[in-house]
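Grab a pencil and work through these short exercises with the viewer open. Each one comes with a solution, taken step by step.

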Amino acid sequence: MLTIAEDAVVDPSVTLLHRDGDRDIAIGARTKIYRGAEILGPVEIGEDVFINRDAYIRPGTRLGDRVNLGPFVRLITDTHEIGGHDKRAGDVRHEPISVGDGTWIGAAVTVVGGVRIGAGCVIAAGAVVTSDVPDDTMVGGVPAAVIRRLR
């Protein structure tokens, strides 16, 4: 099921891939999603969220309220089991991503599956987030590391 709050603004070029029952997408009130985004459910997007152009959001992602995503952000829950010699990319699985309320994720950030980003965080542009980020923390780099704690 696709649920979009009445006052949410979703650019017509945004691709929302869902199937009733198993690929639900919920978009909260006052949320804005700019052009070119692709979202494959199940995905939950809170209220007052801003998603800049060309975001790529995969199944099992949850964005809290007042989250901001810069352009070209990738939230990638997909991964593979390690297969045998003939095909190392084995069976696909999705590990969830959770982004806490009030977090700002900068341009061209990649977050991999299984990561929880706390509330009130800043993820610097270009970072690759491979592990959990505590509340009120700024991280950056490849792989992302703590830059400082935020008040």
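**Exercise 1: the hairpin**

In the hairpin of E21 and E22, which has 4 residues between its strands, find the residue that takes a positive phi near 100°. Then work out how many bridges join E21 to E22, and which way the two strands run.

*Solution.* Keep in mind that this is a predicted model. Start in the connection: the residue with the positive phi is glycine 141. Next, check the strands on either side, E21 at residues 137-140 and E22 at residues 145-149. They run antiparallel, and 4 bridges join them. To get the register, look across from valine 139: valine 146 in E22 stands opposite.

**Exercise 2: the aromatic pair**

Count the aromatic pairs, then classify what you find.

*Solution.* The count comes to 1. The partners are tyrosine 34 and phenylalanine 50, with ring centres 4.8 Å apart and planes at 85°, so call the pair edge-to-face; the cut-off for that class is over 60 degrees. Now place the rings: tyrosine 34 sits in the loop between strands E5 and E6, while phenylalanine 50 belongs to strand E8, so the pair ties together parts 16 residues apart in sequence. Finally, check exposure. Tyrosine 34 is partly exposed at 41% relative accessible area, and phenylalanine 50 is partly exposed too, at 22%.

**Exercise 3: the whole chain**

How many helices and strands are there in the chain?

*Solution.* Tally them up: 0 helices and 22 strands. The radius of gyration is 15 Å, close to the 15 Å from the globule rule for 151 residues, so the chain is as compact as a globular protein of that length. Buried residues make up 38% of the 151.

Conventions
Residues are numbered from 1 along each chain as its sequence is written. This is a predicted model: local features need pLDDT of at least 70, side-chain atom pairs count only at pLDDT 80 or more; totals for chains, interfaces and linings use all residues. Side-chain values use heavy atoms; hydrogens and water are left out. Two strands pair if DSSP finds at least two bridges between them. Rings of Phe, Tyr and Trp (its six-membered ring) pair if their centres lie within 6.5 Å; planes under 30 degrees apart count as stacked, over 60 as edge-to-face and the rest as tilted. Buried means under 20% relative accessible area, exposed over 50%, partly exposed in between (1.4 Å probe, protein chains only). The radius of gyration is taken over C-alpha atoms; the globule rule is 2.2 Å times the number of residues to the power 0.38.
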